[in-house]
Amino acid sequence: MNQYLKKYIELQKQFHQTEGTPESVRALYAFKEELEGIEDRQAKEVLVDVYDLLDFKKSAYDLLSEIGDRSDRKTLKRLGVLKEYAGKWGNHYALPKPKTPEEKQKDQERRSQLGLPIFRYHPDPLETGAFEKSEEGVVCDCCGKTTRIYYQGPIFSEKDIDYLCPECIASGEAAENFDGEFQDTYSVDDGVYDPAKLDELIHRTPGYCGWQEAYWRAHCGDYCAYLGHVGVRELRALGVLKEVLDDPMWNDQQKDVIQASVNGGHIQCYLFQCLHCGKHLVWMDID
Ligand SMILES: [Zn+2]
Ligand SMILES: [Zn+2]
């Protein structure tokens with residue numbers, strides 16, 4: 001057995017035995033990055049397994065198509081399975097990498113380099129999928145300017161709106177011009193008494209798409225930051241499952257449902273984090 005395969009088996013075992021703790025996921029990510037820099041064929045073969053385990057289905061398919069031996073029936077079969085997943089999901093459901101404070105800082109710098117406005121309640125709308133990129137650019141229905149980053153999420157308005165630029169959302173102009181809201185006032189947690197906070201959330205914050213109507217969580221007297229779609233695997237990988245289950249919002253039965261959630265599946269969770277105490281909370285719905 002080659003050294004790469006040996007290390008993979010060790011990491012995979014750790015990942016399964018611990019049900020995917022942050023440490024085990026981080027170790028797999030470090031191994032993935034190491035293998036990506038190695039030109040050795042055996043390393044590439046193992047990299048297919050690492051991609052597959054972390055659910056980078058498209059990367060696994062692409063790499064196996066490049067290096068796999070198509071005269072081998074097992075390889076052909078695996079290519080077929082990966083092709084199916086890759087076609088449906090791409091790399092969209094890859095397990096998230098648990099980030100260190102330094103990596104979070106880097107993300108922040110990357111965002112400010114893009115020149116995006118700061119959204120307190122939705123800090124990374126590109127990562128959550130609320131914003132999309134367009135190489136050629138699209139025209140913002142509000143200001144008429146061409147924008148390469150545009151909003152894809154919900155807006156409750158009588159008007160037909162195709163594209164909005166981040167600036168028109170942040171300034172509140174889009175909400176005002178179209179008499180719209182990005183979040184339904186009634187689908188938010190109680191306990192926030194400052195009307196300016198609700199105003200910022202519904203008029204100047206990009207929303208998110210749920211199976212059903214999106215709901216916004218609150219904690220410590222303020223709305224939380226929305227971090228993205230998750231299932232139980234992602235919650236474990238981020239090390240926050242226990243925290244989100246410790247929430248008076250959910251009864252025992254609902255806690256079981258959260259523990260059966262799958263990102264992109266029938267039971268979907270949406271992750272939030274309190275801006276004050278750092279606690280993670282979820283909202284969930286069933287399609
Ligand atoms: Zn605009
Ligand atoms: Zn809090």
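**View 1. The hairpin of S1 and S2, with a positive phi at Gly 144.** This close-up of the predicted model shows a hairpin with 6 residues between its strands, and Gly 144 there takes a positive phi near 80 degrees. The two arms are strand S1 (residues 131-139) and strand S2 (residues 146-151), which pair in the antiparallel sense over 5 bridges. If you want a residue pair to line things up with, try Phe 131, which stands opposite Tyr 151 in S2.

**View 2. Cys 140, in the loop between S1 and S2.** Stay with the hairpin and look at its loop, where Cys 140 has its place. Is Cys 140 buried or exposed? There are 23 other C-beta atoms within 10 Å of Cys 140, so this residue counts as buried. Ignoring neighbours within four places in sequence, Cys 140 is in contact with Lys 145, Thr 147, Tyr 163, Leu 164, Cys 165 and Cys 168. One of those partners, Tyr 163, sits 23 residues away from Cys 140 in sequence, yet the C-alpha to C-alpha distance is 5.1 Å.

**View 3. Arg 204, a buried residue in helix H10.** Helix H10 covers residues 195-204, and Arg 204 is part of it. Why does this arginine count as buried? Arg 204 has 22 C-beta neighbours inside 10 Å, and the cut-off for buried is 20 or more. Setting aside residues up to four places away in sequence, Arg 204 touches Ile 169, Ala 170, Gly 172 and Ala 175. For an acidic residue to check against, take Glu 167: the C-alpha atoms of Arg 204 and Glu 167 are separated by 9.5 Å, with their positions 37 residues apart along the chain.

**View 4. Two aspartates with positive phi, Asp 55 and Asp 179.** Most residues other than glycine have a negative phi. Asp 55 goes the other way, with phi near 65 degrees, and Asp 179 also has a positive value, near 50 degrees. Where do they sit? Asp 55 has its place in the loop between helix H3 (41-53) and helix H4 (57-67), while Asp 179 is found in the loop between helix H9 (173-177) and H10. Their surroundings can be put in numbers too. Asp 55 has 19 other C-beta atoms within 10 Å and so is partly exposed, whereas Asp 179 has 10 C-beta neighbours inside 10 Å and therefore counts as exposed.

**View 5. Helix H4 and what its buried residues pack against.** Zoom in on H4 and pick out Lys 57, Ser 59, Ala 60, Tyr 61, Leu 63 and Leu 64, which are buried. What do they pack against? The buried residues of H4 pack against H3 and helix H5 (73-89). As a reminder on helix geometry, an α-helix has 3.6 residues a turn, so residues three or four places apart point the same way.

**View 6. Helix H6, a helix largely in the open.** Helix H6 (residues 101-113) has 13 residues and reaches 19 Å from its first C-alpha to its last, close to the 18 Å expected at 1.5 Å a residue. How many of the residues of H6 are buried? The number is 0, so the helix lies largely in the open. Following H6 comes Gly 115, whose phi is positive, near 75 degrees.

**View 7. The open sheet S5-S6-S7.** Here 3 strands form an open sheet with antiparallel pairing. Strand S5 (225-230) and strand S7 (280-286) each have a single partner strand, so these edge strands each keep one side without a neighbour in the sheet. From one strand to the next, the twist averages 25 degrees. Strand S6 (residues 267-273) runs antiparallel to S7, and 7 bridges join the two. Phe 272 is a handy marker here, standing opposite Leu 281 in S7.

**View 8. Where domain 1 meets domain 2.** The chain is divided into domain 1 (3-89) and domain 2 (101-286). Taken over C-alpha atoms, the domain centres are separated by 31 Å. The contact takes 6 residues from domain 1 and 6 residues from domain 2. On the domain 1 side, the touching residues divide into 3 nonpolar, 2 polar and 1 charged.

**View 9. Glu 39, in the loop between helix H2 (22-36) and H3.** Glu 39 has 6 C-beta neighbours inside 10 Å and so counts as exposed. Glu 39 and Lys 145 are 106 residues apart in sequence, with 45 Å from C-alpha to C-alpha.

Technical notes
Residues are numbered from 1 along each chain as its sequence is written. Chains are lettered from A and ligands numbered from 1 in the order in which they are written. This is a predicted model: local features need pLDDT of at least 70, side-chain atom pairs count only at pLDDT 80 or more; totals for chains, interfaces and linings use all residues. Two strands pair if DSSP finds at least two bridges between them. Helices (H or I, at least four residues) and strands (E, at least two) are DSSP runs, numbered from the N terminus. Axes are lines fitted to C-alpha atoms, for helices over the stretch in contact, and angles run from 0 to 180 degrees between N-to-C directions. Domain bounds come from an automatic or database domain assignment. Two residues are in contact if their C-beta atoms, placed from the backbone, lie within 7 Å. Ala, Val, Leu, Ile, Met, Phe, Trp, Tyr, Cys and Pro count as nonpolar, Asp, Glu, Lys and Arg as charged, and the others, Gly among them, as polar. The expected span of a helix is 1.5 Å times one less than its number of residues. A residue is buried if 20 or more other C-beta atoms lie within 10 Å of its own, exposed if 12 or fewer, and partly exposed in between; C-beta atoms are placed from the backbone.
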